[in-house]
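Visitor: I am new to this protein. Please show it to me and walk me through it step by step.

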Amino acid sequence: EYDFELSAEGTENLEVIADKEQFARALINLIKNAQQAIPDNRRGKITFTLSRENDHAVIQVSDNGKGIPETLKERIFTPNFTTKSSGTGLGLAITKNIIESFGGQIWFTSEEDTGSSFFIKLPLTG
């Protein structure tokens with residue numbers, strides 16, 4: 001089970017140039033990773049935050065999962081890298097590629113046994 005929380009106050013009319021399907025795929029990848037990071041014995045909490053930072057939209061996807069060990073952080077966006085027993089390890093590499101194709105940036109913060117936050121920053125139109 002998961003608790004989902006959405007925060008988007010003051011973000012009306014934010015527009016970015018992005019392919020709708022590719023952008024949805026990137027967000028779904030982040031959501032799936034968040035869900036899979038939460039141990040079975042913990043009630044999951046996934047938080048989405050949309051905000052404006054000058055001429056950029058910033059999306060934050062946070063979880064209360066097991067976090068990313070320090071030794072793995074530099075490889076997290078590498079193709080074929082996975083910490084899971086199944087999967088291709090392409091999700092975050094594809095997500096990074098998608099976001100960068102829109103002129104955006106993606107990065108994360110993580111603390112072991114506390115959770116991770118992934119950030120997407122995209123230029124606003126107009």
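Guide: Let's start with the words for its parts: helices (H or I, at least four residues) and strands (E, at least two) are DSSP runs, numbered from the N terminus. This is a predicted model, in which local features need pLDDT of at least 70 and side-chain atom pairs count only at pLDDT 80 or more, while totals for chains, interfaces and linings use all residues. Residues are numbered from 1 along each chain as its sequence is written, and side-chain values use heavy atoms, leaving out hydrogens and water.

Visitor: What pattern does the protein chain follow along the sequence?

Guide: The protein chain has two helices and five strands. Reading along the sequence, you meet them in the pattern β-α-β-β-α-β-β.

Visitor: In what order do the five strands lie in the sheet?

Guide: Strands count as paired if DSSP finds at least two bridges between them. The edge strands, S1 (2-7) and S4 (105-111), each pair on one side only. The sheet is open, its pairing is mixed, and its order is S1-S2-S3-S5-S4.

Visitor: What is the average twist from one strand to the next?

Guide: Angles are taken between N-to-C directions and run from 0 to 180 degrees, with axes fitted as lines to C-alpha atoms, for helices over the stretch in contact. From one strand to the next, the twist averages 15°.

Visitor: Are S1 and S2 parallel or antiparallel?

Guide: Strands of a sheet pair through backbone hydrogen bonds, in either sense. Here Leu-6 stands opposite Phe-48 in S2, and Ser-7 has Thr-49 as its bridge partner in S2. Six bridges join S1 to S2, and these strands run parallel.

Visitor: Is the crossover from S1 through H1 to S2 left-handed or right-handed?

Guide: A crossover is right-handed if, with the strands pointing away from the viewer, the path from the first strand over the helix to the second runs clockwise. The β-α-β path from S1 through H1 to S2 is left-handed.

Visitor: How many bridges pair S2 with S3?

Guide: Among the opposite pairs, Ser-51 faces Val-58 in S3, and Arg-52 faces Ala-57 in S3. S2 (residues 44-53) and S3 (residues 56-63) pair in the antiparallel sense, and the number of bridges is eight.

Visitor: Which residue takes a positive phi in the hairpin of S2 and S3?

Guide: Most residues other than glycine have a negative phi. The hairpin has two residues between its strands. At 67% relative accessibility, one residue of this loop counts as exposed (over 50% relative accessible area; buried is under 20%, partly exposed in between, with a 1.4 Å probe and protein chains only). The residue in the loop between S2 and S3, with a positive phi near 55°, is Asn-54.

Visitor: What is the relative accessible area of Asn-13?

Guide: Asn-13 sits in the loop between S1 and H1. Asn-13 has a positive phi of about 65° although it is not a glycine. Asn-13 is exposed, and its relative accessible area is 73%.

Visitor: Which strands does helix H1 touch?

Guide: Contact means heavy atoms within 4.5 Å. Helix H1 (residues 20-37) packs on the sheet, and its direction makes about 25° with that of S3. The strands that H1 touches are S1, S2, S3, S4 and S5 (115-123).

Visitor: What do the buried residues of H2 pack against?

Guide: Helix H2 (residues 91-101) lies across S4 and S5, at about 140° to S4. Its buried residues are Leu-92, Ala-93, Thr-95, Ile-98 and Ile-99. They pack against H1, S4 and S5.

Visitor: How far apart in space are Glu-112 and Asn-54?

Guide: Glu-112 is in the loop between S4 and S5. Leaving aside neighbours within four places in sequence, its contacts are Lys-66, Gly-67, Ile-68, Pro-69 and Glu-70. Glu-112 and Asn-54 are 58 residues apart in sequence, and in space their C-alpha to C-alpha distance is 31 Å.

Visitor: What radius of gyration does the protein chain have?

Guide: The radius is taken over C-alpha atoms, and the globule rule is 2.2 Å times the number of residues to the power 0.38. The C-alpha trace spans about 45 × 30 × 25 Å along its principal axes. For 126 residues a compact globule would have a radius near 14 Å, which agrees with the chain's value of 15 Å.

Visitor: What share of the residues counts as buried?

Guide: Among contacts between residues at least 6 apart in sequence, 65% join residues at least 24 apart. Of the 126 residues of the protein chain, the share that counts as buried is 36%.
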